[in-house]
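Here is a short report on one protein chain. It moves from the whole chain to one helix and then to a surface patch.

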Amino acid sequence: MKINFKKTYRFAIKSALYISLFTTGFVLLLMNMFYKNQLKYQAGFGIIFLISVYIFSFLVLQYRVERFIYRRVKKIYDEVSLLESTPLINQPITTDMETLSREVKKFATDKKLEIEMLEIREQYRREFLGNVSHELKTPLFTVQGYVSTLLDGAMDDKTIRKKYLKRAEKGVERLIYIVEDLDMITKLESGDLDLNFTEFNIVELIQNVFDLLEMKADKKKIKLAFESKNVQSLIVKGDKDRIQQVLENLIVNSIKYGKEGGLTEVGVVNLTKKKVLIRISDNGEGVEKQNISRLFERFYRVDKSGTRSEGGSGLGLAIVKHIIEAHKEKVYVESEFGIGSEFSFTLEKANKATKAEVK
């Protein structure tokens, strides 16, 4: 790799000026002391001497700077350039110490941040692999246990055979559910999942989700309702199927962790002329403050006991976050332990909805 050398003359210019002024002044002082009768020649001599000393000093200093400092600076650049994609590779070598110090400091800061990010990612990778292993292990062992029992002789009993096959089927369904959710998150992160943007009635879609989850909510005697009884239709723009998935995940989450006989409310708020805010609130168990920032991580557990009293892939909130971000929107969460939680996200209003409000 060829490294350009950016010369700097400032050090040599200043140093040569100081040397030439001092030596010229000193020589003129000596001449004045020992050759007083030659005063008429001192001015011309002084100018010639000053120029000569200045040029000589400049050339010597510049040469020495380039030879002495450049060699050491070049060694630093050569060592740093072993790291690919470093910004110093594309910059010319400078012997200006201030510039060099600034560049090296910036390089060190960038590398420190990069190392910290790599450490965070490595920690996240370890946690993620551990969580995936844990989530897949339970249904796999369940299926294996039932199949092994059947193979060991239980297959001859029709009643036991049917019961165990149904339980094994549930385990397989859970495995498929987890894999499908992981596949969706991967596609959302890589941008491979195309969104089909259409205009639809968000209030109508919420009511459809209420109808789908009504039986699930009834099991815990949880009421699903709008915040306002007189909620009006509102047309928004987005991928209807994905937004329905977001609503289902958030409402199912509120049912899972809601109190027996509790309430889940969905509000639709006109945030601005172009944005609408949908919020899902409950009076469930809530989340402790230190856990809120990690709620949208894949497989993150608020309960560290290792058990999961409620079903699901553990990927619901992560999917919500990725779908909303794929819409270029924001998702928010507020929670107070023992009181309840509120999840909310924004959506873009359809043009006709905006025009209707302007009128």
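Buried means under 20% relative accessible area, exposed over 50%, and partly exposed in between, with a 1.4 Å probe and protein chains only. By that measure, 36% of the 359 residues count as buried. The model is predicted: local features need pLDDT of at least 70, side-chain atom pairs count only at pLDDT 80 or more, and totals for chains, interfaces and linings use all residues. Residues are numbered from 1 along each chain as its sequence is written, and side-chain values use heavy atoms, leaving out hydrogens and water.

The chain holds 9 helices and 9 strands. These are DSSP runs numbered from the N terminus: helices are H or I with at least four residues, strands E with at least two.

Now take helix α8, residues 316-326. Its buried residues are Leu317, Ala318, Ile319, Val320, His322, Ile323 and Ile324. What do they pack against? The table lists the partners.

| Partner of α8 | Residues |
|---|---|
| α4 | 158-190 |
| α6 | 240-256 |
| β8 | 331-336 |
| β9 | 340-349 |

Just after α8, Lys328 takes a positive phi of about 65°.

Helix α4 also contains Lys166. Lys166 counts as partly exposed because its relative accessibility is 47%. Lys166 joins Lys162, Lys163, Arg167 and Lys170 in a patch of positive charge on the surface. Patch residues have over 30% relative accessible area and no salt bridge; like charges are joined within 9 Å, nonpolar side chains (Val, Leu, Ile, Met, Phe, Trp, Tyr) within 5 Å. A salt bridge is a side-chain nitrogen of Lys or Arg within 4 Å of a carboxyl oxygen of Asp or Glu.

Methods: Contact means heavy atoms within 4.5 Å. Accessible areas come from the Shrake-Rupley method with a 1.4 Å probe; for residues, only the protein chains shown count as cover. Lys and Arg count as positive and Asp and Glu as negative; His and the chain ends are not counted. The place of a charge is taken as NZ of Lys, CZ of Arg, CG of Asp or CD of Glu.
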